[in-house]
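Could you walk me through the backbone and packing of this protein? A short briefing with bullet points would suit me well.

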Amino acid sequence: MRWLALALAALAVILSVSIGFMLANPGRIPLVGMDEPESTMTTADVLAHPGLTRVGPHAFRALVVARQYGFTPATLGVPVGSRVDFYVTSADVTHGFEIPGGNVNVEVFPGYVAHVYATFRKLGTYRTVCDQYCGIGHQAMLGNLAVLTETAYAASLRTTQVASPLVDGAAVFASNCASCHQASGQGVVGVFPPLAGSLGDYTKVAGGRVVLAHVLVDGLSGSIRVNGATYDGAMPAWGASLSDRQIADVIQYVTTAWGNRAKNPPGFAAITSAEIASARRPALTAAAVHAERAKLPQQ
Ligand code: CUA
């Protein structure tokens with residue numbers, strides 16, 4: 001009888017230590033009373049509406065799409081003290097979504113939405129990184145999250161909403177395109193097509209500028225020949241994550257950088273934001289853009 005009492009006492013001690021540990025480490029072990037209701041966000045929601053929404057005075061919801069090789073949106077900005085609920089999905093393979101120093105680190109699978117949240121109490125810029133090897137461009141799969149003062153945050157909203165802010169095409173390229181097409185515009189032979197020396201395929205032929213706008217807005221998938229090599233990958237659609245102005249400016253950048261300016265026909269006029277706006281309707285599939293591109297006359 002005494003042994004039984006001792007055994008029960010020992011059991012009580014062990015249980016109280018382990019339950020105490022659970023209570024002292026909320027988050028490690030899910031307990032009742034979590035402050036966020038179970039997520040009903042679907043992959044389709046996230047894929048269709050990537051972006052950042054303010055849902056309360058100090059609360060934001062970020063829908064983030066991870067794909068080879070970048071995050072959409074690539075850049076996030078919130079006022080200091082904000083809690084951000086991230087809903088992250090993948091458009092292709094398994095990725096990671098980590099904010100070093102920001103207490104965010106999840107694996108991101110296609111077909112699932114990862115939900116993770118953190119409160120950002122320190123001013124500064126965090127990196128968002130993919131920490132799962134996902135292919136040749138993995139190391140370049142980066143974005144950032146700026147934690148701003150309320151004033152700077154308000155100013156950042158104004159600059160992105162003004163009708164024609166001065167957008168730097170080179171900066172748009174560096175943060176969205178260079179991980180595949182490379183800063184040199186040379187791409188990676190057989191994997192990512194070069195932009196250097198190849199955009200005459202669009203700028204020199206009738207109808208080419210519309211197809212080029214569609215490639216940026218709607219993406220492109222299917223086999224193409226560029227500068228004598230075959231590419232069978234996919235260009236993501238940027239229409240949802242970049243503004244008309246950003247797309248027009250990045251086209252302006254790539255059609256003039258790396259010696260491309262000299263390859264444009266005489267009198268070639270830059271593609272305008274208005275042309276991008278009209279290229280958005282109707283929405284095309286990446287395969288439809290491929291078919292449209294195949295019909296362009298050869299230069
Ligand atoms: Cu995505 Cu590594």
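Asn-227 sits in the loop between β12 (224–226) and β13 (229–231); helices (H or I, at least four residues) and strands (E, at least two) are DSSP runs, numbered from the N terminus. Its phi is near 45 degrees, a positive value in a residue other than glycine. This is a predicted model, in which local features need pLDDT of at least 70 and side-chain atom pairs count only at pLDDT 80 or more, while totals for chains, interfaces and linings use all residues. Residues are numbered from 1 along each chain as its sequence is written.

**Backbone features in loops**

- Most residues other than glycine have a negative phi, and most peptide bonds are trans.
- Asn-227 counts as partly exposed because 15 other C-beta atoms lie within 10 Å. A residue is buried if 20 or more other C-beta atoms lie within 10 Å of its own, exposed if 12 or fewer, and partly exposed in between, with C-beta atoms placed from the backbone.
- Asn-103 also has a positive phi, of about 60 degrees, although it is not a glycine.
- You will find Asn-103 in the loop between β6 (95–99) and β7 (104–108). With 13 other C-beta atoms within 10 Å, Asn-103 is partly exposed.
- The peptide bond that leads from Gln-68 to Tyr-69 is cis, its omega being near 0 degrees. Tyr-69 belongs to the loop between β2 and β3.
- A cis peptide bond also links Thr-72 to Pro-73, with omega near -5 degrees. Pro-73 is in the loop between β3 and β4 (75–79).

**Strand β2 and its partners**

- Strand β2 covers residues 59–67, and 7 of its 9 residues are buried, so the rest of the structure largely encloses it.
- Strand β1 (residues 51–56) pairs with β2 in the antiparallel sense over 5 bridges; two strands pair if DSSP finds at least two bridges between them.
- Between β1 and β2 lie 2 residues, and the two strands form a hairpin.
- Gly-56 has Ala-59 of β2 as its bridge partner, and Thr-53 is matched in β2 with Arg-61.
- In contrast to β2, where 7 of the 9 residues are buried, β1 is hardly covered: 0 of its 6 residues are buried.
- β2 and strand β5 (residues 82–90) run parallel and are joined by 8 bridges. Here Val-64 has Val-88 in β5 as its bridge partner.
- Strand β3 (residues 70–72) pairs with β2 in the antiparallel sense over 3 bridges. Val-65 stands opposite Thr-72 of β3.
- A hairpin of 2 residues connects β2 to β3.

**A closer look at Ala-62**

- Ala-62 is part of strand β2. It counts as buried because it has 21 C-beta neighbours inside 10 Å.
- Leaving aside residues up to four places away in sequence, Ala-62 touches Leu-52, Leu-76, Val-84 and Phe-86. Two residues are in contact if their C-beta atoms, placed from the backbone, lie within 7 Å.
- Ala-62 and Phe-86 are 24 residues apart in sequence, and their C-alpha atoms are 4.8 Å apart in space.

**Helices α7 and α10**

- Helix α7 (residues 208–218) and helix α10 (residues 286–294) have axes that come within 10 Å and cross at roughly 165 degrees. Axes are lines fitted to C-alpha atoms, for helices over the stretch in contact, and angles run from 0 to 180 degrees between N-to-C directions.
- α7 and α10 are therefore roughly antiparallel to each other. Angles over 145 degrees count as roughly antiparallel, under 35 as roughly parallel, 65 to 115 as roughly perpendicular and the rest as oblique.
- In this contact, Val-211, His-214, Val-215 and Asp-218 of α7 meet Ala-286, Val-289, Glu-292 and Arg-293 of α10.
- The residues of the contact of α7 with α10 divide into 4 nonpolar, 1 polar and 3 charged. Ala, Val, Leu, Ile, Met, Phe, Trp, Tyr, Cys and Pro count as nonpolar, Asp, Glu, Lys and Arg as charged, and the others, Gly among them, as polar.

**The protein as a whole**

- The secondary structure comes to 10 helices and 14 strands.
- Of the 299 residues in the protein, 32% are buried.
- Among contacts between residues at least 6 apart in sequence, 65% join residues at least 24 apart.
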